[in-house]
Amino acid sequence: MSLLVLNDVGRRFGALQALSGISLSVEAGELRAIIGPNGAGKTTLFNLISGYFPPTDGSIVFGGEPITAGTPTALVKRGIIRTFQITEIFLSLTVRENLRVAVETAMGLNLRPWISAAVRTVVMNQVENLAEIVRITAKLDRVAGELSHGDQRVVEIGIVLAKSPKLLLLDEPTAGMGDEETHHMTDLIRRLNKDQGITMLFVEHDMAIVFGIADRITVLDNGRMLAEGNATEIAANPRVQAAYLGHAA
Ligand SMILES: Nc1ncnc2c1ncn2[C@@H]1O[C@H](COP(=O)(O)OP(=O)(O)OP(=O)(O)O)[C@@H](O)[C@H]1O
């Protein structure tokens with residue numbers, strides 16, 4: 001079954017038609033890349049899916065239910081979780097504390113003045129579990145602000161996992177990373193998709209990563225869908241080559 005369906009979705013900002021005629025389906029369990037030149041509408045697409053603003057045309061369906069008018073908070077509750085180009089973690093806290101806050105918030109414990117020892121154990125076990133999944137266990141007691149950019153983004157992934165995402169939207173997850181960090185992040189994305197079964201959409205400019213890990217690729221250009229397919233189909237598509245990859249059609 002399709003987890004996410006966009007029907008003829010468009011978004012206008014005043015006179016600017018940032019997106020138009022976007023119809024796409026993402027299957028449960030899919031790892032989908034969204035690519036396109038600067039200004040193509042990738043971030044706008046993420047903003048629509050995650051409820052930061054509504055489409056001006058068309059409709060969006062998630063898990064069989066309409067979410068076109070959903071707010072970010074309502075959509076997080078449904079399992080649509082997003083990361084941004086800028087890392088969002090508490091830099092003055094340790095990695096463990098960052099994950100603890102995330103787990104407590106996800107469990108609705110953050111506003112309680114007192115947590116029992118039993119619940120505290122559940123929280124700390126979940127913190128360890130998340131750290132293992134993202135492979136940051138060795139740095140649990142490091143202050144987040146002292147970690148490398150790549151490690152900070154890994155912590156951020158751990159934080160969003162605490163919210164039990166059904167659909168994870170990653171905006172340029174490897175931006176600003178060196179080779180080793182990029183390798184760790186792409187491996188993490190692949191493992192979250194294949195081992196944890198999390199459906200993912202990711203915006204990525206590095207074509208080697210896109211072609212290496214995406215099940216399917218959606219290409220946007222100038223606010224419209226230029227192409228959709230697997231890596232082989234997209235690499236061979238003359239319209240993509242002409243408009244995006246810089247080759248003659
Ligand atoms: N809130 C907004 N108000 C007005 N215009 C906007 C807004 N958000 C995006 N746009 C415009 O919509 C178009 C698409 O922008 P968007 O950021 O979605 O592209 P992008 O593909 O994510 O680009 P990049 O790769 O540079 O991040 C651009 O012309 C942009 O200026």
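**Exercise 1. Find the pairing of strand β1 in this predicted model. In which sense do β1 and β2 pair, and over how many bridges?**

*Solution.* Start with strand β1, residues 2-13. Put β2, residues 16-27, beside it. The two strands run antiparallel and share 8 bridges. To check the register, pick V5: its bridge partner in β2 is S25.

Now widen the view. The open sheet has 4 strands in the order β2-β1-β4-β5, again with antiparallel pairing. Its edge strands are β2 and β5 (65-66), each of which pairs on one side only. As background, strands of a sheet pair through backbone hydrogen bonds, either parallel or antiparallel.

**Exercise 2. Look at the backbone of D8. What is the sign of its phi, and is D8 buried or exposed?**

*Solution.* D8 sits in strand β1. Its phi is positive, near 50°, and D8 is not a glycine. That's worth a second look, since most residues other than glycine have a negative phi. For burial, count neighbours: D8 has 12 other C-beta atoms within 10 Å. The cut-off for exposed is 12 or fewer, so D8 counts as exposed.

Now do the same for E172, found in the loop between β7 and α6. Its phi is also positive, about 50°, and E172 is not a glycine either. The neighbour count for E172 is 19 other C-beta atoms within 10 Å, so this residue is partly exposed.

**Exercise 3. List the residues around the ligand. Which helix gives the most to this shell?**

*Solution.* Walk along the chain and collect the shell: F13, L16 and A18, then G36, N38, G39, A40 and G41, and finally K42, T43 and T44. Next, assign them to elements. β2 (16-27) and α1 (42-49) each supply at least two of these residues, and α1 comes out on top with 3. Sorted by class, the shell has 4 nonpolar, 6 polar and 1 charged residues.

Stay with α1 for a moment. This helix is mostly covered, with 7 of its 8 residues buried. The buried ones are K42, T44, L45, F46, N47, L48 and I49. After the helix comes G51, with a positive phi near 80°.

**Exercise 4. Work out how β6 fits in. Which strand does β6 pair with in the parallel sense?**

*Solution.* Strand β6 covers residues 80-83. Its parallel partner is β7 (residues 167-171), and the two share 4 bridges. Within that pairing, I81 is bridged to L168 of β7.

Then check the two faces. In a regular strand the side chains alternate between the two faces of the sheet. Here I80 and R82 are on one side, I81 and T83 on the other, and all four are buried.

L168 has further neighbours: besides I81, it touches V160, I198 and M200, leaving out residues up to four places away in sequence.

**Exercise 5. Place the largest nonpolar core relative to the domains. Why does it lie between domain 1 and domain 2?**

*Solution.* The core has 63 residues, and I49, L99, L168 and M200 touch the most other members. Helix α5 (residues 149-161) gives the most to it, 6 residues. Both domain 1 (1-79 + 165-249) and domain 2 (90-163) give residues to this core, so it lies between them.

Next, look at how the domains meet. Their C-alpha centres are 27 Å apart, and 10 residues of domain 1 are in contact with 10 residues of domain 2. On the domain 1 side, α6 supplies the largest share, 4 residues. That side divides into 7 nonpolar, 2 polar and 1 charged.

**Exercise 6. Compare two residues of helix α6. Is T186 buried or exposed, and what is H184 in contact with?**

*Solution.* T186 is in helix α6, residues 179-194, and so is H184. T186 has 21 other C-beta atoms within 10 Å, so it is buried. Beyond its neighbours within four places in sequence, T186 is in contact with T174, I209, G212 and I213.

H184 has 19 C-beta neighbours inside 10 Å and therefore counts as partly exposed. With neighbours within four places in sequence left aside, the contacts of H184 are G150 and V154.

Key
Residues are numbered from 1 along each chain as its sequence is written. This is a predicted model: local features need pLDDT of at least 70, side-chain atom pairs count only at pLDDT 80 or more; totals for chains, interfaces and linings use all residues. A nonpolar core is a set of buried Ala, Val, Leu, Ile, Met, Phe, Trp, Tyr and Cys residues joined through C-beta atoms within 7 Å. A residue is buried if 20 or more other C-beta atoms lie within 10 Å of its own, exposed if 12 or fewer, and partly exposed in between; C-beta atoms are placed from the backbone. Domain bounds come from an automatic or database domain assignment. Two residues are in contact if their C-beta atoms, placed from the backbone, lie within 7 Å. A residue is near a molecule or strand if its C-beta atom, placed from the backbone, lies within 6 Å of it. Ala, Val, Leu, Ile, Met, Phe, Trp, Tyr, Cys and Pro count as nonpolar, Asp, Glu, Lys and Arg as charged, and the others, Gly among them, as polar. Two strands pair if DSSP finds at least two bridges between them.
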